[in-house]
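Hi everyone, thanks for coming. I'd like to walk you through one structure today, so let's put it on the screen.

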Amino acid sequence: MSVPRANSGFSPDVAAALSQADRGIRARMGNHHALFDYWRFALSTICAVDAFYVGFYREGRKIVYPYTYDDSVAVKRYVPPEVCAYGPRGQAAWILRHRRPYTYACDGGLLLHHGVAFGDERRVSLDAITIPIFETRDEGEREVIGLASIQSYRPDSYTDEHVRAFEWTARSVATVLAREREDALNREELAVPAGGSETDQPTISEVVQDVSAVLAALHAKICAIEEALPDGGPELVRMVRELREQCEEGQTATMDIIARPSVRAENLVNSLSSKEREIAFLIARGGLTNKEIAARVFVTESTIKGHVSRILRKLGVEQRSGIAAKLEHFFD
């Protein structure tokens, strides 16, 4: 368990809340809806959280939002998961480029309001903190894999301590996600190789979004039934409420399928050394020749040939075009 140090700069009340948050976050490993829902709740014990979302970057300049919340009667707080594209000038691109928190005070909310609205679009957030979510790769390199945001409908809701607290809890969440990935990779090593293509991710993505749409329609009907229930039926109300919560968990779990690269693809990438990975992505992204790559990474062409041979062998492909196929899920 991670506990804020006495000299961490957090006030005693915030330090105690963060310690409790870390325990709660780690206890929800394996259920991302419960994990993100608790993350939001934990932050609400420290500062105002009128709106909250978690997103993960995917290929093709897209972000998967498995969890979104808006504390508004009009949207009933729960916002269905979705996949959105992001442009070069929005908040998502800014977080990816700068790798540090964005706050409303940075520009008076200009960047915040440049993006796509969610939840109750009739209300405007007057303060916000958006932070990057990091994953630690080989050799200690940290990669931005996602972002999270808390927002308030009241101005001047957040302080520097709130920014640091949000970042602190994000590290706890990242630890849980990393542990889940490690467990999945360990299970993958025990799996028996099966036939079939490994390049069907676009089809999976389409299926997931279709299922998500079905669950969204189901969720809307459950909410309508919940509203129409008579006051005198507490047991029925409880059953419908549980059904709604199950549907919400299912929506988050469904979107999680495309929220991050496949375990098999990541396992292949992790088998490459840092230099092999750099060369593999240069081949996959730009189709560069050995001579062009050698000039980029400042080694001889013969050295590149050796690296390429090992990359082909490790990825289990015979031609350079196969490298791009194996790595396509990691393109931004």
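Let's start with one pair of residues: Thr130 stands opposite Ser149 in strand S7. Before I go on, please keep in mind that this is a predicted model.

That pair belongs to a longer run of pairing. Strand S6 and strand S7, the latter covering residues 142–152, run antiparallel and are joined by 10 bridges. S6 also pairs with strand S5, residues 102–103, again antiparallel, through two bridges. There, Thr103 has Ile129 of S6 as its bridge partner.

So how many of the 10 residues of S6 are buried? Nine are, so this strand, residues 127–136, is largely enclosed by the rest of the structure.

Now to the interior. The largest nonpolar core holds 29 residues, and those with the most contacts inside it are Phe36, Trp39, Phe52, Val54, Ile133, Ile150 and Phe166. At least two core residues come from each of helix H1 (12–26), helix H2 (32–44), strand S1 (51–58), strand S2 (62–70), S6, S7 and helix H5 (160–190). Which element gives the largest share? That is H5, with seven residues.

Do zoom in on Trp39 if you can. Leaving aside residues up to four places away in sequence, Trp39 touches Ile25, Phe52, Val54, Ile131, Ile133, Ala148, Phe166, Thr169, Ala170 and Val173.

On to the charged side chains. The whole structure has eight salt bridges, and I'll pick out a few.

In helix H1, Asp22 and Arg26 form one, at 3.0 Å from N to O. These two are four residues apart in the helix, so about one helical turn separates them. Asp22 counts as buried because its relative accessibility is 0%, while Arg26, at 32%, counts as partly exposed.

Helix H5 has a salt bridge too: Asp183 with Arg179, the closest N and O atoms being 3.3 Å apart. Here as well the residues are four apart in the helix, separated by about one helical turn. Asp183 is partly exposed at 25% relative accessibility, and Arg179 is partly exposed at 44%.

What about Arg154 and Asp50? Their closest N and O atoms are 3.6 Å apart in a salt bridge. This pair links distant parts of the chain, 104 residues apart: Arg154 sits in the loop between S7 and H5, and Asp50 in the loop between H2 and S1. Arg154 is partly exposed at 44%, whereas Asp50 is buried at 9%.

Finally, Glu276, Arg310 and Lys314 are linked in a network of salt bridges. Thanks, and I'm happy to take questions!

Definitions and conventions. Residues are numbered from 1 along each chain as its sequence is written. This is a predicted model: local features need pLDDT of at least 70, side-chain atom pairs count only at pLDDT 80 or more; totals for chains, interfaces and linings use all residues. Side-chain values use heavy atoms; hydrogens and water are left out. Buried means under 20% relative accessible area, exposed over 50%, partly exposed in between (1.4 Å probe, protein chains only). Two strands pair if DSSP finds at least two bridges between them. A nonpolar core is a set of buried Ala, Val, Leu, Ile, Met, Phe, Trp, Tyr and Cys residues joined through side-chain atoms within 4.5 Å. Contact means heavy atoms within 4.5 Å. A salt bridge is a side-chain nitrogen of Lys or Arg within 4 Å of a carboxyl oxygen of Asp or Glu.
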